[in-house]
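Hi,

Here is the structure I said I would pass on. Have a look first, and my notes on what turned up follow below.

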Amino acid sequence: VSERKIEQPLQGLTSFTEEMKARGLVPGSQLVHFEIIPAPSPIAEQLTIAENTPIYDIKRIRLADGVPMALETNYISAHLAKN
């Protein structure tokens, strides 16, 4: 038997943090993976950058009250987030 899933209607765009707070839960995240990689063609196309441009590949487990809720993957163009 699995626990009841949290569903979110797609009527408006809210962040995971905002959504969990609105439900009275404490949001959190746990970093699973972080790497700078050359952008593969499909990701480069989505980010509107040249293929092989450096991107951050970030994977996090999103938590609500310490319970894993989602595995999130983000690809960010490295030139947008320089130190």
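Let's start with Asn52, which is exposed, its relative accessible area being 53%. You'll find Asn52 in the loop between helix H2 (41-47) and S2. Its backbone is worth a glance too: phi of Asn52 is near 75°, a positive value in a residue other than glycine. Before you go further, please keep in mind that this is a predicted model.

Now the sheet. Three strands make up an open sheet, in the order S1-S2-S3, and the pairing is antiparallel. S1 and S3 are the edge strands, each of them pairing on one side only. On average, neighbouring strands of this sheet are turned by 15° against each other, direction ignored. As general background, strands of a sheet pair through backbone hydrogen bonds, either parallel or antiparallel.

If you want to trace one pairing by eye, try S2 and S3. Strand S2 covers residues 54-64 and strand S3 covers residues 67-77, and 10 bridges join the two. Two pairs to look up: Arg60 stands opposite Glu72 in S3, and Lys59 has Thr73 in S3 as its bridge partner.

What sits between these two strands? The hairpin of S2 and S3 has two residues between the strands, and Asp65 takes a positive phi there. The phi of Asp65 is near 55°, and Asp65 is a residue other than glycine. Asp65 belongs to the loop between S2 and S3. Is Asp65 buried or exposed? It falls in between: Asp65 counts as partly exposed because its relative accessible area is 45%, while exposed would take over 50%.

Next, some side chains in S3. Glu72 is in strand S3, and its side chain has polar contacts you can check. One goes to the side chain of Arg62, at 3.4 Å. Another joins the side chains of Glu72 and Asn74, at 3.1 Å.

Ser77 is also in strand S3. Why does Ser77 count as buried? Its relative accessibility is 4%, and buried means under 20%, so Ser77 belongs in that class. The side chain of Ser77 also makes a polar contact of 2.6 Å with the side chain of His79.

Ala70 is another residue of strand S3. Ala70 is partly exposed, with a relative accessible area of 35%. Try picking out Phe16 along with Ala70: the two are 54 residues apart in sequence, yet their C-alpha atoms are 9.6 Å apart in space.

Last, the surface of the model. Which residues form a nonpolar patch there? They are Leu31, Phe34 and Ile36, with about 320 Å² of accessible area together. Leu31 has its place in strand S1, which spans residues 27-38. At a relative accessible area of 55%, Leu31 is exposed, because exposed means over 50%. One general point may help when you look along a strand: in a regular strand the side chains alternate between the two faces of the sheet.

If you only have a minute, I'd go to the S2 and S3 hairpin with Asp65 and its positive phi, and then to the surface patch of Leu31, Phe34 and Ile36.

Cheers

Key: Residues numbered from 1 in each chain as written. Predicted model: local features only at pLDDT ≥ 70, side-chain atom pairs only at ≥ 80, totals over all residues. Heavy atoms only, no water. Patch = residues over 30% accessible without salt bridge, like charges linked within 9 Å, V, L, I, M, F, W, Y side chains within 5 Å. Areas by Shrake-Rupley, 256 points an atom, 1.4 Å probe, with all protein chains shown as cover. Salt bridge = Lys/Arg side-chain N within 4 Å of Asp/Glu carboxyl O. Helix = DSSP H or I, 4+ residues; strand = E, 2+ residues; numbered from the N terminus. Buried < 20%, exposed > 50% of the residue type's maximum accessible area, 1.4 Å probe, protein only. Pairing = 2+ DSSP bridges. Axes fitted to C-alpha atoms, helices over the stretch in contact; angles between N-to-C directions. Polar contact = N/O pair within 3.5 Å; in protein donor to acceptor, adjacent residues only side chain to side chain.
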